[in-house]
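Got your viewer open? Here is a short tour, one selection at a time.

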Amino acid sequence: MVSTIQNTNVKQKEADRAVVVAVTSRAVFDCGADDGDEVCEVGVAFPLLQALQRVNERLLEENPSESLLFDVVLITSDSQQQQQSSRIISNTRHHGLEISRFCFSSEEDFTESLLKNNVHLFLTTDRDEAAQASQKGVFSALLNGKVASSEQLRVVFCGDAVIRTDAEPPSASQDAAQSFWAQLGEMRRRFGVFGSPLSLVLLTSHGGRESCGAALQMLRSRGVNMDEAYSLAGAPRSPILSLLRPHFLLINHLED
């Protein structure tokens, strides 16, 4: 059973142009026990939602009739949080978050809520949830647990997965990934080189400059230009990620 509540306090985005991003509510708020305190602690996804909102604000500053905007859906499959649905909704308003829709479902049916909302990207801290969504053809990524900026949306593309995706027969999830990449690339082109609220970074873990160059070329052919690119040539990626502090990594293969 899937229940969807539309947020009437937020202007709804154009369905055929909006980039729908679904985020699990437990990554946004930690409501804990209902102890009478209506305000929940914020989670690892809170800066992400602020950064998504910042991109939308800047897009609308550039063009008030802009329709290529992020459309955020909050997914709740946790039974305890479902019992606190009104508290979750009130907290989004308290913090000024522009959530278009709230979806409540069982753990078994949460992928149905993703498909019904035509989600382009599903973000979670749960690897199993991400894998289940990918199996249903929904492009999914794991949220970075480290604190990221709320002023600029930083997205890291894993170049090794980019090259592998281009070489393999496309699956539904890979088609969804490439569609999302193209949408991000189109958004990024709305801004100049400096002062952009959206930053796209390429990171290749294996191979040398040739692998990094091949990934850059493939992404450019799909209209996605990078702000930065790093070739690690086998070095661990944790140190550079701690400096980049992305909100999430687009790796396409969750075992990477």
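**Stop one: two rings inside**

Start by selecting Phe 110 and Phe 122, which are both buried. Keep in mind as you look around that this is a predicted model. Show the two side chains as sticks: Phe 110 and Phe 122 make an aromatic pair of the tilted kind, with 5.6 Å from centre to centre and 40 degrees between the planes. Now colour the backbone around them. Phe 110 sits in helix α5 (residues 110-116) and Phe 122 in strand β7 (residues 121-124), so this pair ties together parts that are 12 residues apart in sequence.

**Stop two: another tilted pair**

Next, pick Phe 139 and Phe 180. They also form a tilted aromatic pair, at 6.0 Å centre to centre and with 50 degrees between the planes. Follow the chain from each ring: Phe 139 is in the loop between α6 (127-135) and β8 (140-142), while Phe 180 belongs to helix α8 (residues 172-188), so the parts tied together here are 41 residues apart in sequence.

Are these two rings buried or exposed? Phe 139 has a relative accessible area of 1%, and because buried means under 20%, it counts as buried. Phe 180 is buried too, at 1% relative accessibility. In total, the structure holds 3 aromatic pairs.

**Last stop: the largest pocket**

Switch on the surface and head for the largest pocket, which has about 300 Å³ of space. Which residues should you click on to find its centre? Try Lys 11, Lys 13, Leu 60, Glu 66 and Leu 69, the closest to the centre among the 15 lining residues. Colour the lining by type and you get 4 nonpolar, 5 polar and 6 charged residues.

Methods. Residues are numbered from 1 along each chain as its sequence is written. This is a predicted model: local features need pLDDT of at least 70, side-chain atom pairs count only at pLDDT 80 or more; totals for chains, interfaces and linings use all residues. Side-chain values use heavy atoms; hydrogens and water are left out. Rings of Phe, Tyr and Trp (its six-membered ring) pair if their centres lie within 6.5 Å; planes under 30 degrees apart count as stacked, over 60 as edge-to-face and the rest as tilted. Helices (H or I, at least four residues) and strands (E, at least two) are DSSP runs, numbered from the N terminus. Buried means under 20% relative accessible area, exposed over 50%, partly exposed in between (1.4 Å probe, protein chains only). On a 1 Å grid over the protein atoms alone, a cavity is a set of points where a 1.4 Å probe fits but cannot get out, and a pocket is an open set with protein on both sides within 12 Å along at least five of seven lines; lining residues have an atom within 4 Å of a point. Grid points are joined across faces, edges and corners, and a volume is the space filled by probe spheres set on the points. Ala, Val, Leu, Ile, Met, Phe, Trp, Tyr, Cys and Pro count as nonpolar, Asp, Glu, Lys and Arg as charged, and the others, Gly among them, as polar.
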